[in-house]
Amino acid sequence: MFYEDLIHDFAEKAQIILEGKLTGVYLHGSMAMGCFNPDKSDIDLIAVIDKDISVLQKLMLMNEIVYVNQYAPPKGIEISLVKREYCKPFVYPTPFELHFSPVHLELYRRSPDDYVKDMNGTDKDLAAHFTVINNYGKVICGEVISTVFGKVPEEYYLDSVYYDLKNAPSDILTDPVYVILNLCRTLAYVNDNKFCSKAEGGRYAAEKLESPADIDIITEALECYSSDRIMTLDRESAVGFAERFLKMIFDGKGGLF
């Protein structure tokens, strides 16, 4: 309840700061998909505007985002500000006006003015985020999802997913739970066109696979994801798991990536 109140308070302040230019604030990620664990999850938001905003408004909005990040779960808050014209019809790679995640916090603190001036461009990840919004998203404030977000074509969604997974054999060594369950939910999509949360994807793969070793890894990842446990996995097992799953995913789409 605390985190829900936190993001609703942020949305109310964003409406004031943006003076009628805010189309809406939308929740995606684990909190929207029903598998939020404050020990392992972040808060994922997309804010949509229908007009350009000033540098001052960006600075004021960033102040609120950084404030919210203080009270967010340990993994923090991730938010992108996107213009409505790029949401429907969907544009890929998607331009964004402003972005924040905790990895950028020190960069922002060093020079807020430079941060809001430079933190814009295009982001392939938004194709996957918008797909989650279309299937699971929650309106925090503003217009309904169907009027704001258009369908993301499969080729863009898959390219976005590949962009996120391409370094899985190295990323799994530092963030095994995220990478393992992300690979599982991607496999669910390419095999059965199922959009899954990480937890749902893990359960899907554990039921479908025949390899006891892979099932054990997935089961441990699921247990860690839903608790405060830290997953430990030796390098050979971790890299081998990631490489096997990438092969299954690529084979499942017949080289579409």
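Helix 1 (residues 2-18) and helix 3 (residues 55-71) have axes that come within 10 Å and cross at roughly 170 degrees; helices here are DSSP runs of H or I with at least four residues, and strands are runs of E with at least two, numbered from the N terminus. Axes are lines fitted to C-alpha atoms, for helices over the stretch in contact, with angles from 0 to 180 degrees between N-to-C directions. Helix 1 and helix 3 are therefore roughly antiparallel (over 145 degrees; under 35 is roughly parallel, 65 to 115 roughly perpendicular, the rest oblique). On the helix 1 side the contact (heavy atoms within 4.5 Å) includes Phe2, Leu6, Phe10 and Ile17, while Met60, Leu61, Ile65 and Val68 are among the helix 3 partners. By class, this contact has 12 nonpolar, one polar and two charged residues (Ala, Val, Leu, Ile, Met, Phe, Trp, Tyr, Cys and Pro count as nonpolar, Asp, Glu, Lys and Arg as charged, and the others, Gly among them, as polar).

This is a predicted model, with local features needing pLDDT of at least 70 and side-chain atom pairs pLDDT 80 or more, while totals for chains, interfaces and linings use all residues. Residues are numbered from 1 along each chain as its sequence is written, and side-chain values use heavy atoms, leaving out hydrogens and water.

Helix 10 (residues 176-192) and helix 11 (residues 198-208) have axes within 7 Å that cross at roughly 70 degrees, which makes helix 10 roughly perpendicular to helix 11. Tyr178, Leu181 and Arg185 are among the helix 10 residues in this contact, and the helix 11 side includes Lys198, Gly201 and Tyr204. Here the class split is seven nonpolar, four polar and four charged.

As for empty space, the largest cavity has a volume of about 30 Å³ (on a 1 Å grid over the protein atoms alone, a set of points where a 1.4 Å probe fits but cannot get out; a pocket is an open set with protein on both sides within 12 Å along at least five of seven lines, and lining residues have an atom within 4 Å of a point). A volume is the space filled by probe spheres set on the points, which are joined across faces, edges and corners. Leu61 and Ile65 turn up again in the cavity lining, along with Ile79, Leu98 and others. Helix 3, strand 3 (77-83) and strand 5 (98-100) each give at least two lining residues, and no charged residue is included.

The largest pocket has a volume of about 1,300 Å³. Among its 49 lining residues, Asp42, Lys75, Asp164, Tyr178 and Lys198 lie closest to the centre. The pocket lining divides into 21 nonpolar, 15 polar and 13 charged residues.
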